[in-house]
Amino acid sequence: MKVGDRHYTTIGLNADGRAVDIIDQRWLPHEFRVVTLDRLDAFAQAIAEMWVRGAPLIGVTAAYGLAFRMTEDASDTALEAAADLLQSTRPTAVNLRWALDDLRGRLRPLPPAERAAAAYARAAAIAAEDVEINRAIGRHGLEIIRRIAAAKPAGAPVNILTHCNAGWLATVDYGTATAPIYLAHEAGIPIHVWVDETRPRNQGAQLTAWEMAGQGVSHRLIVDNAGGHLMQHGQVDMVIVGTDRTTATGDVCNKIGTYLKALAAHDNQVPFYVALPSPTIDWSLSDGLGEIPIEERAEAEVSEVQGRDPAGALTRVRISPEATPAANPAFDVTPARLVTGLITERGLAPATRAGLASLFPERQC
Ligand code: MRU
């Protein structure tokens with residue numbers, strides 16, 4: 001997407017053809033910084049510490065990290081160790097495992113001399129596929145937004161609530177939950193986005209709000225607790241969120257707090273959609289609550305907040321007593337029964353095994 005006049009993707013090969021440039025998301029919205037990853041450890045650190053984040057983007061970053069390592073040492077031992085290191089960075093988003101398993105499967109049979117080139121080619125293909133998938137999700141989601149707009153008085157905005165950042169910053173480009181929003185905006189459909197701040201790391205306040213402002217989409221930031229109230233008062237026409245892992249039965253794991261939005265949406269008959277790229281489906285799982293590992297992150301993410309002080313410096317401040325411990329589960333699971341529909345690159349599916357199977361018959365045994 002555009003930042004100022006220039007088109008950016010979140011990740012791309014450095015001019016040296018080996019290292020990888022990423023947008024370092026830790027500093028947004030205050031500073032736009034691009035950094036170069038040129039050590040395996042740096043790729044792992046960038047994922048673990050969320051310089052890059054979002055399920056699709058961490059998959060692509062891991063793929064490039066493995067490719068980079070193959071330029072240094074393409075032995076079987078190095079391949080397995082690098083994949084294991086990258087896999088250990090974050091447990092919940094299945095895209096990471098999907099990308100690494102895909103690369104491992106392709107590289108293992110190759111002679112070491114051919115592994116680096118093959119890995120870079122596949123990493124680039126996964127990145128390009130991500131963009132195409134998101135465009136397709138955008139087209140299918142746009143039809144839903146059109147239908148909602150058509151049922152409203154002429155010129156009235158479609159009010160969309162979103163949680164966390166499932167925008168272009170969470171992918172290579174376009175985003176998943178934001179792709180329909182951007183296409184609707186481009187198509188001239190009046191859109192207004194309620195942006196959940198998404199404590200504790202504030203991906204909504206820092207990233208989604210920055211994206212919306214950058215693309216000129218009307219939006220307002222709300223605290224995470226405001227969504228239910230807005231729904232009760234008819235101020236939300238639909239919810240669209242992303243996902244880090246969705247089971248074959250349609251249970252949706254996404255950023256902590258998503259479940260509460262789904263409950264509120266259900267109670268208020270507000271349609272609740274999940275933008276779901278197929279690499280985020282974990283076909284091996286059928287029980288989201290019992291089977292998806294939920295990442296527990298550092299206490300400091302809860303007890304401190306980062307922001308810009310009046311002098312313009314980025315700073316972190318403590319907001320809770322020193323003696324108070326914090327728990328920080330980073331994701332939750334929304335049961336399929338609360339999901340109105342899954343917007344995939346192949347179209348809209350009900351959140352059921354049969355619904356997903358009808359769109360992806362090749363995944364059924
Ligand atoms: O912890 P994060 O910021 O990586 O979590 C991101 C999310 O939960 C997104 O909603 C999800 O990855 C979908 S991104 C297209």
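## A walk through the predicted model

The protein chain is built from 12 helices and 18 strands. Keep in mind, as you turn it around, that this is a predicted model.

Let us begin with the overall form. Laid along its principal axes, the box that holds the C-alpha atoms of the protein chain is roughly 65 × 55 × 45 Å. How does the radius of gyration fit with a compact globule? For 365 residues, such a globule would have a value near 21 Å, and the protein chain has 20 Å, so the two agree. Of those 365 residues, 55% count as buried. The contacts add to this picture: among those between residues at least 6 apart in sequence, 74% join residues at least 24 apart.

Now for the outside. The protein chain has an accessible surface of about 14,700 Å², and carbon and sulfur atoms account for 53% of that area. As for charge, there are 34 positive and 43 negative side chains, and the centres of these two sets lie 2 Å apart.

A good place to step inside is helix α1, which spans residues 40-48. Its buried residues are L40, A42, F43, A44, A46 and I47. What do these buried residues pack against? Their neighbours are the strands β4 (20-23) and β5 (34-37), together with the helices α2 (55-72), α3 (76-87) and α4. Just after α1 comes M50, which takes a positive phi of about 65°.

Next, look at the charged pairs. Side chains of opposite charge can pair when their charged atoms come close. In this model the count comes to 25 salt bridges, and three of them make useful stops on the tour.

One joins E31 and R33, with the closest N and O atoms 2.6 Å apart. Are these two residues buried, exposed or in between? E31 has 25% relative accessibility and therefore counts as partly exposed. R33, at 33%, counts as partly exposed too.

Another salt bridge sits within helix α4, where D101 and R97 are 4 residues apart, about one turn of the helix. The closest N and O atoms of D101 and R97 are 4.0 Å apart. D101 counts as partly exposed because its relative accessibility is 40%. R97 counts as partly exposed because its value is 31%.

The next residue to visit is D102, which forms a salt bridge with R122; here the closest N and O atoms are 2.8 Å apart. This pair links distant parts of the chain, since R122 belongs to helix α5 (residues 112-150) and D102 to helix α4, with their positions 20 residues apart in sequence. Are the two partners buried or exposed? R122 is buried, with a relative accessible area of 12%, and D102 counts as buried at 17%. Elsewhere, salt bridges that share partners join R90, R201, E295, R297 and E301 into one network.

The tour ends with the backbone itself. Most residues other than glycine have a negative phi, and most peptide bonds are trans. Which places in this chain depart from that pattern?

Begin with the loop between β4 and β5, where P29 lies. The peptide bond from L28 to P29 is cis, with omega near 5°.

The loop between β7 (191-196) and α7 (203-215) holds P200, and T198 lies in this loop as well. A cis peptide bond joins R199 and P200, with omega about 10°. T198 is not a glycine, yet it has a positive phi of about 70°. With 0% relative accessibility, T198 counts as buried.

Finally, find C164 in the loop between β6 (158-162) and α6 (178-186). C164 is not a glycine either, and its phi is positive at about 60°. Is C164 buried or exposed? Its relative accessibility is 7%, so C164 counts as buried.

Key
Residues are numbered from 1 along each chain as its sequence is written. This is a predicted model: local features need pLDDT of at least 70, side-chain atom pairs count only at pLDDT 80 or more; totals for chains, interfaces and linings use all residues. Side-chain values use heavy atoms; hydrogens and water are left out. Helices (H or I, at least four residues) and strands (E, at least two) are DSSP runs, numbered from the N terminus. The radius of gyration is taken over C-alpha atoms; the globule rule is 2.2 Å times the number of residues to the power 0.38. Buried means under 20% relative accessible area, exposed over 50%, partly exposed in between (1.4 Å probe, protein chains only). Contact means heavy atoms within 4.5 Å. Accessible areas come from the Shrake-Rupley method with a 1.4 Å probe; for residues, only the protein chains shown count as cover. Lys and Arg count as positive and Asp and Glu as negative; His and the chain ends are not counted. The place of a charge is taken as NZ of Lys, CZ of Arg, CG of Asp or CD of Glu. A salt bridge is a side-chain nitrogen of Lys or Arg within 4 Å of a carboxyl oxygen of Asp or Glu.
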